[in-house]
Amino acid sequence: RVLSVLACRYVDEVVIGAPYSVTMDLINHFRVSLVIHGQTAYDPDADGSDPYEVPRVLGKFQQIDSGNPMSTQQIITRIINN
């Protein structure tokens, strides 16, 4: 999966083992200019906070419509069922 993402010409770097929430430290360390998430729903962090709060406040968060409504949970369920 990482190799597939790295193959995208718009991707500069993939952070393996990244934290669930995007923090200011992560943004500064990797010089993140934009954080993208699809239209699928996502869960709050363990403490109940929005995992994308920091990039939202900085104006670096954008949601896009991938045209595919499938969630990670649906993919996992399909793998287990098959």
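**Group meeting: a ring cluster, a histidine and a serine**

Okay, let's start with Ser21, which sits in the loop that runs between α1 (2-6) and α2 (24-30). Before I go on, keep in mind that this is a predicted model.

So, is Ser21 buried or exposed? It counts as buried, because its relative accessibility is 12% and the cut-off for buried is under 20%. What does its side chain pair up with? That would be Asp45: the two side chains are joined by a polar contact of 2.5 Å. If you skip the neighbours within four places in sequence, Ser21 is in contact with Asp45 and Pro51.

Staying in that loop for a moment, Val15 is also found between α1 and α2. Val15 comes out as partly exposed, at 32% relative accessibility. Going from Val15 to Leu26 is eleven residues in sequence, and 9.6 Å in space from C-alpha to C-alpha.

Now for the aromatics. How many aromatic pairs does the structure hold? Two. Take Tyr42 and Tyr52: their ring centres are 4.9 Å apart and the planes meet at 85°, so we call this pair edge-to-face. That pair links distant parts of the chain, with Tyr42 and Tyr52 ten residues apart, each in the loop between β1 and α3 (53-57). Tyr42 is partly exposed, at 24% relative accessibility, whereas Tyr52 is buried, at 12%.

Then there's Tyr52 with Phe61. Here the ring centres are again 4.9 Å apart, but the planes are at 40°, so this pair is tilted. Why tilted? Because 40° falls between the cut-offs, under 30 degrees for stacked and over 60 for edge-to-face. Both partners, Tyr52 and Phe61, are buried. Put the ring pairs together and you get a cluster of Tyr42, Tyr52 and Phe61.

Last stop, His37. Where is it? His37 is in strand β1, which covers residues 35-37. His37 is buried, with a relative accessible area of 13%. And which residues is His37 in contact with, leaving aside neighbours within four places in sequence? The list is Tyr42, Tyr52, Phe61, Gln62, Gln63 and Ile64. You'll recognise some names there: Tyr42, Tyr52 and Phe61 are the ring cluster I just described.

If you have the structure open, you could pull up His37 with those contacts, then swing over to the side chains of Ser21 and Asp45. That's my bit, thanks.

Note on methods. Residues numbered from 1 in each chain as written. Predicted model: local features only at pLDDT ≥ 70, side-chain atom pairs only at ≥ 80, totals over all residues. Heavy atoms only, no water. Helix = DSSP H or I, 4+ residues; strand = E, 2+ residues; numbered from the N terminus. Buried < 20%, exposed > 50% of the residue type's maximum accessible area, 1.4 Å probe, protein only. Contact = heavy atoms within 4.5 Å. Phe/Tyr/Trp six-rings, centres within 6.5 Å; stacked < 30°, edge-to-face > 60°. Polar contact = N/O pair within 3.5 Å; in protein donor to acceptor, adjacent residues only side chain to side chain.
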